[in-house]
Amino acid sequence: QTTFQDGGEEVEDGAVYNVTLKKVQIQQAANKGARWLGGEGDQLPPEHTVRQYETSKIRAIKAGTLEKLVENLLTAFGDADFSYISIFLATYRAFASPRAVLELLLDRFGNLETSSDGEVANLNSLESEMVLRVEIASVLRAWLDQCSEDFREPPDYMCLLKLLEYLKNNMPNSDMESRVQNLLKQFQNQEVEAVDGFCSTSSSDLVDGEELEISNPEEFSSFQDHVVAEQLTYMDVMLFRRVVPYHCLGSIWSQRDKKENKNLAPTVRATITQFNAVTKCVISTILGTRELKIQQRAKIIEKWIHIAHECRILKNFSSLRAIISALQSNSIYRLKTTWMCVSKDILLMYEELSEIFSDHDNYLTSRELLMKEATSKFANLDSSEKENQKKSQKRLQLQKTKGVMQGTVPYLGTFLTDLIMLDTALQDYVEGGLINFEKRRREFEVIAQIKLLQSSCNSYCLIPDQKFIQWFRRQRHLTEEESYKLSREAEAAADTNILSPKSQKSMVKRISTLFLGTDVFTPPKEQPPKSSPVGGSSGESTDSASVSSCEFNHSETEDVCVTPVSSPEDPLKKVQLRPLSDKGSISNKGSDSSKALDSSKGSIFDPGSGSDSGSIPTRDLGSVLSSAPKELPVYNRQSGGSCIIRVSMDGLHASVYKSILITNQDRIPDVTQRALLKHNLESDAVEDYELVQVISEDKELVFPRDANVFYGMNSHVNFDFILRKK
């Protein structure tokens with residue numbers, strides 16, 4: 001029997017520790033009278049036994065200087081903080097470089113050289129040296145096991161060479177030394193790898209003489225549904241396994257849109273490029289051929305729904321979501337006549353797949369499903385439609401018969417969102433300039449899930465089909481304007497007289513309820529979507545800022561959104577409500593269609609940054625470190641005097657937003673300055689801008705110069721704001 005008790009905090013110079021007392025029963029014996037009678041402890045009632053307990057102290061560092069955090073790598077096992085090394089290695093890139101950590105570890109704490117006067121060291125010092133040698137070796141071994149990529153620094157490999165020199169001097173001829181030598185040779189011999197080698201849609205990856213082309217319906221139809229799903233899964237698996245976990249940290253990923261960081265987090269960018277490529281492929285196959293009849297176009301939609309279902313069987317939630325997002329985009333959604341020709345059974349299948357990504361309760365369904373299937377051998381499929389259930393079970397049984405185990409490929413955006421929200425909500429440093437390591441423990445909870453899923457992907461046994469992969473790479477993706485134009489042409493050419501007005505109305509209503517997995521859906525306005533002024537259209541670059549161009553409802557990463565809580569209206573401070581002067585600036589707001597996946601400029605992944613983490617009013621050290629807040633600030637809900645809002649720049653697409661943490665102490669100049677910093681416009685004058693909250697498509701809330709944003713905002717609508725030049 002083990003019990004835990006809070007032991008408070010211990011404060012040292014440069015560090016604060018959380019102490020937990022662990023009480024463990026180590027022996028249960030008969031008392032003196034019972035032993036005289038020949039009784040045994042486990043055969044007697046409690047009143048005749050004596051229990052012996054041992055109490056141990058567990059120290060977990062909560063905050064400290066970099067020196068203390070590195071030193072703690074050597075003492076964590078002694079303090080019974082067994083997960084510390086893994087947490088540190090997974091998150092330290094948020095506050096230090098590999099070189100800084102290595103220098104501290106080896107030069108300051110790892111000096112194993114004997115004294116210069118040649119005297120024989122006493123027994124205690126020899127024992128201490130042996131213990132230190134074991135501790136250093138343990139940390140280095142964990143570093144090489146878990147984060148060997150930290151040492152990939154071509155062309156000089158300074159850290160790896162420094163480590164090799166240290167091992168030659170202090171641990172000559174050890175396994176560690178040979179391992180580092182092999183790693184250095186491996187890095188030096190490897191050619192620079194393109195992390196998106198399996199999914200790049202740029203023409204440079206094509207064989208000489210090949211050109212990008214619009215999909216041929218016959219060629220696409222020749223691929224079996226399960227083959228397409230397997231190949232998409234193969235590409236997703238190869239990319240997801242390569243994801244470097246620290247690339248996902250909010251403080252790292254949120255800096256990607258700065259000019260000097262164009263090569264930041266390449267492994268994450270590659271997964272986003274693949275997601276966008278799948279989504280754009282779906283749209284181009286449906287709309288790319290003008291000559292298609294309604295029924296033919298409907299068959300292609302049905303095929304993609306079947307492929308999405310096969311992805312679900314393969315537990316590939318990334319391509320599954322990409323396909324669903326494409327089918328929910330404006331240009332495909334508006335093909336109402338085409339959707340009317342999709343069979344009822346397949347529409348039901350589509351509805352069930354869409355409900356997986358319902359935004360209800362912070363995407364609880366997809367989160368629970370992902371964790372449920374993270375380590376299961378096969379998908380757990382439940383369908384309310386009997387025919388779909390039969391097909392699913394038949395496919396699963398075939399896989400089980402073959403003995404093929406599966407991993408799980410997640411939609412990475414969910415994890416990126418969680419990490420961005422943690423980075424936005426929690427401070428990087430606490431009083432005294434100490435690094436807030438409690439924040440890193442919270443981040444590691446997310447990183448650990450990513451690592452678990454990466455490990456599960458080793459269970460896949462998929463063989464690449466070069467014919468499909470070449471076809472996939474050859475696809476020319478439509479720009480937003482092209483897809484919208486083709487969508488209008490296809491709908492205009494449809495013979496709307498084939499259905500009566502009454503049946504059309506009921507079918508449109510039925511289709512509307514399928515999208516987003518919700519009961520209420522506002523159809524998008526039928527107007528050409530605006531192209532993103534940042535980075536070009538999506539058809540031009542797979543790493544552009546535009547997947548606004550793909551107009552997906554569900555492909556952005558700001559997944560941590562909750563339904564606004566109904567509460568009494570906070571007092572407004574002379575806040576003026578006025579109609580929008582230009583509806584186009586937030587077009588399609590009702591459908592949320594502009595939110596989309598972007599690999600570089602904040603549409604799918606909000607660059608909520610650690611740069612404003614100091615915006616929370618400073619509290620005393622004890623209150624900051626006592627524990628992490630039970631309920632972190634989130635988007636769309638005011639809680640505990642703080643919340644997270646989204647701020648986009650006027651003139652840019654609404655999906656290019658930044659997450660800003662505000663408190664009940666923040667006024668307009670504070671929030672404006674923070675938003676300009678997030679949008680890399682820190683040189684602009686705060687007084688040149690006004691901050692407005694978007695209430696609806698035709699109304700917005702304008703704040704006076706010195707208004708309190710927290711109390712002045714409308715808490716019954718989305719916390720979406722626009723920063724506009726006066």
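Two strands count as paired if DSSP finds at least two bridges between them. The exercises below apply this and a few other cut-offs to a predicted model.

**Exercise 1. The strands E9 and E10**

Determine in which sense strands E9 and E10 pair, and how many residues join E9 to E10.

Solution. Begin with the extents of the strands: E9 covers residues 689-694 and E10 covers residues 699-702. Next, apply the criterion of at least two bridges; E9 and E10 pair over three bridges, in the antiparallel sense. Within this pairing, Val692 has Val702 of E10 standing opposite. Finally, look at the connection, which is a hairpin that leads from E9 to E10 through four residues.

**Exercise 2. Salt bridges and the parts they connect**

Find which parts of the chain the salt bridge between Arg179 and Asp145 ties together, and then do the same for the pair Arg724 and Asp650.

Solution. The rule to apply is that a side-chain nitrogen of Lys or Arg must lie within 4 Å of a carboxyl oxygen of Asp or Glu, and by this rule the model contains 27 salt bridges. For Arg179 and Asp145 the N to O distance is 2.3 Å. Arg179 belongs to helix H7 (residues 175-189) and Asp145 to helix H5 (residues 123-147), so this salt bridge ties together parts that are 34 residues apart in sequence. As for its surroundings, Arg179 is partly exposed, at 32% relative accessibility.

For Arg724 and Asp650 the salt bridge has an N to O distance of 3.3 Å. Since Arg724 lies in strand E11 (residues 720-725), while Asp650 lies in the loop between strand E7 (642-649) and strand E8 (657-663), the pair ties together parts that are 74 residues apart in sequence. Arg724 is buried, with a relative accessible area of 12%, whereas Asp650 is partly exposed at 36%. The loop between E7 and E8 also holds Gly651, which is partly exposed with a relative accessible area of 46%. The C-alpha atoms of Gly651 and Lys725 are 9.9 Å apart in space, although these residues are 74 apart in sequence.

**Exercise 3. A salt bridge between Arg476 and Glu482**

Decide whether Arg476 is buried, partly exposed or exposed, and do likewise for Glu482.

Solution. The side chains of Arg476 and Glu482 form a salt bridge with an N to O distance of 3.5 Å. The cut-offs needed are under 20% relative accessible area for buried and over 50% for exposed, with partly exposed in between. At 31%, Arg476 is partly exposed, and Glu482, at 29%, is partly exposed.

**Exercise 4. Helix H3 against helix H20**

Work out how the axes of H3 and H20 are oriented to each other, which residues make the contact, and which residues of H3 are buried.

Solution. First, the axes of H3 (residues 84-91) and H20 (residues 437-456) come within 9 Å and cross at roughly 85°. Angles of 65 to 115 degrees count as roughly perpendicular, and H3 and H20 are therefore roughly perpendicular to each other. Next, H3 contributes Tyr84, Ser86, Ile87, Phe88, Ala90 and Thr91 to the contact, and H20 contributes Phe437, Arg440, Arg441, Glu443, Phe444, Ile447 and Lys451. Sorted by type, the residues of this contact are seven nonpolar, two polar and four charged. Lastly, the buried residues in H3 are Tyr84, Ile85, Ile87, Phe88, Leu89, Ala90 and Thr91. Because seven of the eight residues of H3 are buried, this helix is largely enclosed by the rest of the structure.

Definitions and conventions:
Residues numbered from 1 in each chain as written. Predicted model: local features only at pLDDT ≥ 70, side-chain atom pairs only at ≥ 80, totals over all residues. Heavy atoms only, no water. Helix = DSSP H or I, 4+ residues; strand = E, 2+ residues; numbered from the N terminus. Buried < 20%, exposed > 50% of the residue type's maximum accessible area, 1.4 Å probe, protein only. Axes fitted to C-alpha atoms, helices over the stretch in contact; angles between N-to-C directions. Parallel < 35°, antiparallel > 145°, perpendicular 65-115°, else oblique. Contact = heavy atoms within 4.5 Å. Nonpolar A, V, L, I, M, F, W, Y, C, P; charged D, E, K, R; others polar.
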